[in-house]
Structures are given as structure tokens and as C-alpha cells.
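Open your viewer, switch to a cartoon view and keep the selection tool at hand. We will begin with the whole chain and then go from residue to residue.

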Amino acid sequence: MFAVDPVNHLNDEQIQHKINQKTKPLGALGSLESLAKQIAQVQLTEPFNTRQKLAINQPAMLVFAGDHGIANHGVSIAPSAVTQQMVNNFASGGAAINVFCRQMGLNLEVIDCGMLTPSDHTKVTDHRLGAGTQAIHQKQAMDLLAVKDGFSFANDLVQRHFDSGCNLIALGEMGIGNTSSAAAIMAAMLKLDVKECVGRGTGIDDESFALKRELLTVAMNLHRDKIHDPVNVLACLGGFEIVQMTGAILAASEKKMLVVIDGFIATAAALVAVALHPSARDYLIFAHQSDEQGHQKMLQALDAKPLLSMGLRLGEGTGAALSLPMIQAAVNFYNDMASFDKAGVSNVV
């Protein structure tokens, strides 16, 4: 249901020349330079104009929440009730993501994709696909219709932000048990053994960690004959919030918006989105490398170099929020830093 065009590479040489002519040694701004080039590829239109500026307009943080059936089987330190409790905390403004969004100027929207119990908070968007997924080691997480409906919800959500002038969305999530779903998706998409993908999530002990590996191994064997394409991977192994994050990536890419990917869970959604539409990769900015086992391999598979590496493992979109100043810095140096000619500085490089 999405049509994602690749970015236009016809202006690459002119964009790189403009970056190289800034008053600095060649490549001295490191990854900010490649980030500025990526943003320029997305935003600049033909014909190339050196005076055309980049912009981050009305950036939005979208935090998707959902519950997971596998969470009732000992794979997490917290009960599923914490999902709704934290969503209410988001809606009341008291969580880390609220603090960072206020600091960074991000518009925060929290979406209930399918918690066990609906939130009664007026600031939570209702995009429910059910009351939590099925336990993936026992049956499919959801049916294919739920995946389709989740994509439709995500498309409507992104369209609304796009219509308000937003050209960058950042993705966060909340869902007890969702590292289990993300690890299973990673194993299916990258054809890896579960042991290479499963981490400790919010900090489970050795016994729970062994159980998590065992249950996900059962899940992979149970669904082996069905997980032959990305949509079926979501249906068999996904979470309602991961489905809607995947849809949001594709909807935003279709509209040529930048998409900031947070940590392990959001990157699992990115794996699926890029498998469905490879051109979506052009629009993705990877905020950070999380402390969750497997995230580095996910990033490598997507040829992604994250902006930050701070040992984060909170989720919520916190890493994506913290990366926004770097994204804005890339935009600002591209727009406002003088060239050698304009500044009267000798280019000795």
C-alpha cells in the first residue's frame, strides 16, 4: 500500500562540492558531513541551487505502545501492566522521553496500538489492533488483517503530521516483552540463530535469559514454514507497535520525510520496512547503537552508522530525541557555514 521512491542522486556531486568548500579541512566534520549530504539528497530538488536551504520543520516524536503475549511467560522483569502505566506517564509528561522532547522541541504523540487495557488518557491516540498479541511461541502474534490495518493506521498518522508541516518523524516505543518480538524478527529477517539476537532487555537474570532464548527458539520452529516474507514475519512474530512503526517508516518515506530510528525495537521495524521497500533506507537516520545484544548486527545489515553510542537501553525514543541536535547541526552548517571564497580563506586542502 506504499510507493517509495529512491532519493535523487543527480545532485550528489554539487552537494558534496558545497560541503567540501566550507571553511574546514576536508571531512573534518566527520559524520555530520555525511548526514548533511543525506538530508540534502532528500530535501533538495532539481535543478540544484546553492542558495537552497535545508530545514527541519515541526519535528514529531511518535511513541507506539503495545502489549505482547510472550510477556506472561517469564521473559521480562516487569508485568504487562507496566506498559499502560508508562503510557499514562508519557501522557502526563513525566517520563524521560517527555523531558527530552521538551528540551529538543519535539512534538510528542503517544499511540496505543494494542495494550491489554486501553488508556483513558485523552492525550493517547487510539489505534488499537487488539488487546495485546498472542504469545509467539504458541501461535501467530496476529493475523494478516491486523498487519494491514496497522499499516493503514500508521499512514493516517503520518499524513496528519505531514499536513501540519512536519518533515521529520522520530520513532519510539513502549511494550513489555517487545525485545522478544524484535529479536525474533531479527532472527527471521537476517537468517540468524536466536542466540545471536536475544538480549537481556530491561535487565533479566540468567534464568529468565535462558528461558527467553528457549521460547524464541520454539517460536522460530513453530513459524518456520510461514516466515518467508516480511509481512508474514510481522504477523507471526511481531507486535502491534512494531507493525505500526513499520508502516510509519514506509508512509513517511513515501512522503519524502526524514525518519529517525531509535534503538533495537525501532530498528527491527526498519529491517522489515527496508525489506518491503528498499528505497525507504534512503530516508532513515539511525540515532544510536543501543546496549541490547544484536543491535549492532541489525545496524550492520542496514549499512547504518548511528550518530550516538551511549549505552542506552531505555527505549521510548530517547536516543532518537537526543540525536536531534546533531541533525540540526548538520542542517545548520550546510546552510550557514561560509565557503572559502565567501570568507576569503585560502583553501589549502
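What follows is a short walk through this structure, stop by stop.

**Before you click**

This is a predicted model, in which local features need pLDDT of at least 70 and side-chain atom pairs count only at pLDDT 80 or more, while totals for chains, interfaces and linings use all residues. Residues are numbered from 1 along each chain as its sequence is written, and side-chain values use heavy atoms, with hydrogens and water left out.

**The whole chain**

Start by colouring by secondary structure. You should find 14 helices and 6 strands; these are DSSP runs, with helices (H or I) of at least four residues and strands (E) of at least two, numbered from the N terminus. The radius of gyration is 20 Å, close to the 20 Å that the globule rule gives for 349 residues, so the chain is as compact as a globular protein of that length. That radius is taken over C-alpha atoms, and the rule is 2.2 Å times the number of residues to the power 0.38. Turn the C-alpha trace along its principal axes and it spans about 70 × 40 × 35 Å.

Now show the surface. The accessible surface comes to about 14300 Å², and 50% of it belongs to carbon and sulfur atoms; the area comes from the Shrake-Rupley method with a 1.4 Å probe, and for residues only the protein chains shown count as cover. Of the 349 residues, 56% are buried (buried is under 20% relative accessible area, exposed is over 50%, partly exposed is in between, with a 1.4 Å probe and protein chains only).

How are the contacts spread along the sequence? Among contacts between residues at least 6 apart in sequence, 75% join residues at least 24 apart, where contact means heavy atoms within 4.5 Å.

Next, colour the charges. There are 26 positive and 33 negative side chains, and the centres of the two sets lie 5 Å apart. Lys and Arg count as positive and Asp and Glu as negative, leaving out His and the chain ends; each charge is placed at NZ of Lys, CZ of Arg, CG of Asp or CD of Glu.

**Stop 1: the cysteines**

Select Cys101. Its sulfur is 12 Å from the closest cysteine sulfur, in Cys166, which is too far for a bond. At 2% relative accessibility, Cys101 is buried. Then move to Cys197, where the closest cysteine sulfur, in Cys236, is 16 Å away, again too far for a bond. Cys197 is buried too, with a relative accessible area of 0%. A search of the whole structure finds 0 disulfides, a disulfide being a pair of cysteine sulfur atoms within 2.5 Å.

**Stop 2: Phe90 and Gly93**

Select Phe90, in helix H3 (residues 81-92). Is Phe90 buried or exposed? Phe90 is buried, at 2% relative accessible area. Beyond its neighbours within four places in sequence, Phe90 is in contact with several residues, including Val63, Leu108, Met174 and Glu316. Measure across to Val63: the residues are 27 apart along the chain, and their C-alpha atoms are separated by 9.0 Å.

Step on to Gly93, in the loop between H3 and helix H4 (96-104). Outside its neighbours within four places, Gly93 is in contact with Asn98 and Arg102.

**Stop 3: two positive phi angles**

Most residues other than glycine have a negative phi. Select Gln58, whose phi is near 45°, a positive value. Gln58 lies in the loop between helix H2 (31-43) and strand E1 (60-66) and is partly exposed at 44%. For Lys191, phi is near 55°, also positive. You will find Lys191 in the loop between helix H6 (178-190) and helix H7 (206-222), and Lys191 is exposed at 66%.

**Stop 4: Val274 and Ser323**

Finish with two buried residues. Val274 sits in helix H10 (residues 264-276), with a relative accessible area of 16%. Leaving aside neighbours within four places in sequence, Val274 is in contact with Arg281, Leu284 and Leu302. Leu250 is 24 residues away from Val274 in sequence, and their C-alpha atoms are 8.4 Å apart.

Last, select Ser323, in the loop between helix H12 (318-322) and helix H13 (324-336). What is its relative accessible area? The value is 0%, so Ser323 is buried. With neighbours within four places set aside, Ser323 is in contact with Val260, Ala287, Leu307 and Leu308.
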